[in-house]
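Reader: Hey, I'd like to chat through this structure with you. Can we start with the aromatics and then wander from there?

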Amino acid sequence: MNQHNTILQAMTDTGMIPVFNHKDIEVSKSVLKSAYEAGVRVFEFTNREENAFEVFKALKIYSEQFEGLYLGIGTIFTVSDAQRFNFAGADFIVSPALIPEVAHFCNMKGMLWVPGCATVSEVFQAKSYGAKLVKAFPGNLLGAGFIKAVKSIMPAVKMMPTGGVEPTEENLSEWFASGVHCVGMGSQLFDKKIIESGQYEILQEKINATIALIKTIRS
């Protein structure tokens, strides 16, 4: 099993990919540690802050102590950013859009890449570029109906909605009933007040409860 399939399987196992960014390295380390101890094995850090590259490099080194953890980078729009984060050891790359140049670069490097798509045409194009997982973005606008529509004509396509995914039974049940491979979850999972106050044990409990809820829904 190559690394692509290993990462995809890890995504399947938990059903949820945390999507996080923060400019403080120590805060980011604490969040990553909490997520791992809660059961997360695939974690997406996003390229949104000005110092995101420096934080990611530190996180990548820090993450080496966590066996079986895959750390990827999100919000990648350019090949130059893809190159930088590839050099820094990113296990996978996520884009908010379908960007052919990034797709070609990742394919050349043998990296798993996840393009953001919002139409059937984009999903088809992503599939033709070799995407093994497609990010339905923005999920809050597309809704579970979009997933169902895509799966009805391209049933083999693995899809991950991001944006608008909530850690509630009602919301998660709707997404998984539509046929998603996994879900990406950011602000709904990472309460700023909890993080600012350093209550990482509460964060860990929330993430663990979300993973357990997904397992229950899928069973």
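**Rings, cores and a helix**

Author: Sure, and keep in mind that this is a predicted model. Let's open with Phe56, which is buried, at 0% relative accessible area.

Reader: What about Phe85, buried or exposed?

Author: Phe85 counts as buried, with a relative accessibility of 0%.

Reader: OK, and how many aromatic pairs are there?

Author: The count comes to eight aromatic pairs. In one of them, the ring centres of Phe56 and Phe85 are 5.4 Å apart and the planes sit at 80°, so this pair is edge-to-face; the cut-off for that is over 60 degrees.

Reader: Where do Phe56 and Phe85 sit in the chain?

Author: Phe56 is in helix 3 (residues 52-63) and Phe85 is in helix 4 (residues 79-87). They are 29 residues apart, so the pair links distant parts of the chain.

Reader: Let's stay on helix 4. Which of its residues are buried?

Author: Those are Asp81, Ala82 and Phe85. Looking down the axis of helix 4, you'd find them within an arc of 100°, so they line one face of the helix.

Reader: Why would residues a few places apart point the same way?

Author: An α-helix has 3.6 residues a turn, so residues three or four places apart point the same way.

Reader: And what do the buried residues of helix 4 pack against?

Author: They pack against helix 3, strand 3 (70-74), strand 4 (92-94) and helix 5 (100-109). Just after helix 4 comes Gly89, with a positive phi of about 100°.

Reader: Switching topic: which charged residues lie over rings?

Author: Arg84 lies over the face of Phe53, 4.6 Å from the ring centre. Lys135 has its charged end over the ring of Phe137, 4.6 Å from the centre.

Reader: Now the largest nonpolar core. Which residues touch the most other members?

Author: Phe43, Val183 and Ile207 do, in a core of 64 residues. Helix 3 gives the largest share of this core, six residues.

Reader: What's Ile207 in contact with, leaving aside its neighbours within four places in sequence?

Author: Met16, Ala35, Ala38, Val40, Leu189 and Phe190. Phe190 also belongs to a cluster linked by ring pairs, together with Phe20, Phe43 and Phe45.

Reader: What's in the second core?

Author: That one is separate and has 14 residues, among them Val94, Leu112, Met160 and Cys182.

Key:
Residues numbered from 1 in each chain as written. Predicted model: local features only at pLDDT ≥ 70, side-chain atom pairs only at ≥ 80, totals over all residues. Heavy atoms only, no water. Phe/Tyr/Trp six-rings, centres within 6.5 Å; stacked < 30°, edge-to-face > 60°. Helix = DSSP H or I, 4+ residues; strand = E, 2+ residues; numbered from the N terminus. Buried < 20%, exposed > 50% of the residue type's maximum accessible area, 1.4 Å probe, protein only. Lys NZ or Arg CZ within 6 Å of the ring centre and 35° of its normal. Core = buried A, V, L, I, M, F, W, Y, C linked by side-chain atoms within 4.5 Å. Contact = heavy atoms within 4.5 Å. Arc of directions from axis to C-beta.
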